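Got the viewer open? Set the display to cartoon, keep the selection box handy, and follow along stop by stop.

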Amino acid sequence: MGGVEIRDDRGAGRLEAVEGGEVVGRIEYFVLDEPAPALVPVHTVVEPAHEGKGIAGSLARELYALAVREGVVVAPLCPYVVRWASRHPEDAPAADPELLRAAKQWLAAHPGRF
């Protein structure tokens, strides 16, 4: 995946994969504060012309690395990130079920966000 930079646009709630100045993939997420701080990925999108290059996996790996650097956990609601985490338990510890419930409740309470 040479030439792809991953950057966090916290204000927009996106972890972006950028190649040649163009956003070619992203994970859309929100930050949950209660019952514990967590990053909650909701959608993973890779532009069709860039599929099959490992971009989605690199985004998921970076999301978990970002959480470690910030001392928080990931509570994945995005089906892709859930599958990725199940295949990479060494990099993606399972989220507490209570945290996942809280993330689902937050998402339901903010229907226009995603």
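## First stop: the opening hairpin

Select Asp9 and then Arg14, its bridge partner in β2. Bear in mind as you click around that this is a predicted model. Now widen the selection to residues 4-9, which are strand β1, and residues 14-19, which are strand β2; the two pair in the antiparallel sense over 6 bridges. Further along this pair, pick Ile6 and you'll find Ala17 of β2 standing opposite. β1 and β2 make a hairpin with 4 residues between them. Click on Gly13 in that turn: its phi is positive, about 70°.

## Glu16, in the middle of things

Stay on β2 and select Glu16, which is found in this strand. Is Glu16 buried or exposed? Glu16 counts as buried, because its relative accessibility is 6%, and the cut-off for buried is under 20%. Show side chains here: the side chain of Glu16 makes a polar contact with that of Arg14, at 3.0 Å. Next, bring up what surrounds Glu16, skipping neighbours within four places in sequence. The contacts include Glu5, Ile6, Arg7 and Asp9, along with Val23, Gly25, Arg26 and Leu59.

## Round the next turn

Slide along to Gly20, in the loop between β2 and β3. Gly20 is exposed, with a relative accessible area of 79%. This turn belongs to the hairpin of β2 and β3, which has 2 residues between its strands, and Gly20 has a positive phi of about 60°. Try a distance from here: the C-alpha atoms of Gly20 and Glu5 are 9.1 Å apart, with the two residues 15 apart along the chain.

Then colour strand β3, residues 22-32, which pairs with β2 in the antiparallel sense over 6 bridges. Go back to Ala17 and look across to β3, where the bridge partner is Gly25.

## On to β4, with a cis bond on the way

Which way do β3 and β4 run relative to each other, parallel or antiparallel? They run antiparallel, joined by 8 bridges. To see one facing pair, select Ile27 and Thr44, which stands opposite in β4. β3 and β4 also form a hairpin, this one with 5 residues between them. Stop at Pro35, in the loop between these strands. The peptide bond leading from Glu34 into Pro35 is cis, with omega near 10°.

## Step back to the whole sheet

Now select every strand. You should have an open sheet of 5 strands in the order β1-β2-β3-β4-β5, with mixed pairing. Why is one side of β1 and of β5 without a neighbour in the sheet? β1 and β5 (73-74) stand at the edges, each with a single partner strand, so one side of each is left free of a sheet neighbour. For β5, look at β4: these two pair in the parallel sense over 2 bridges, and Ala38 stands opposite Val73 in β5.

Bring the helices back on. α1 packs on the sheet and touches β1, β2, β3, β4 and β5, and its direction makes about 165° with that of β4. Helix α3, residues 97-109, packs on the sheet too, touching β3, β4 and β5, with its direction at about 105° to that of β3.

## Into the cores

Hide the polar side chains and look inside. Which residues touch the most other members of the largest nonpolar core? They are Leu15, Ala17, Ile27, Leu39, Ile55, Leu59 and Tyr64, out of 23 residues in that core. Two or more residues each come from β2, β3, β4 (38-46), α1 (55-70) and α2 (79-87). The largest share, 8 residues, is from α1. A second, separate core has 11 residues; select Phe30, Ala38, Val40 and Ala102 to see some of its members.

## Last stop: the annotated span

Finish by selecting residues 7-96. UniProt, in an unreviewed entry, lists this span as "domain: N-acetyltransferase". Check the two ends: their C-alpha atoms lie 27 Å apart. By composition, the span is 28% helix and 34% strand.

Technical notes:
Residues are numbered from 1 along each chain as its sequence is written. This is a predicted model: local features need pLDDT of at least 70, side-chain atom pairs count only at pLDDT 80 or more; totals for chains, interfaces and linings use all residues. Side-chain values use heavy atoms; hydrogens and water are left out. Two strands pair if DSSP finds at least two bridges between them. A nonpolar core is a set of buried Ala, Val, Leu, Ile, Met, Phe, Trp, Tyr and Cys residues joined through side-chain atoms within 4.5 Å. Buried means under 20% relative accessible area, exposed over 50%, partly exposed in between (1.4 Å probe, protein chains only). UniProt positions are given in the numbering used here, feature names are shortened, and annotations may be inferred rather than shown by experiment. A polar contact is a pair of N or O atoms within 3.5 Å; within protein, one must be able to donate a hydrogen and the other to accept it, and residues adjacent in sequence count only if both atoms are side-chain atoms. Contact means heavy atoms within 4.5 Å. Axes are lines fitted to C-alpha atoms, for helices over the stretch in contact, and angles run from 0 to 180 degrees between N-to-C directions.
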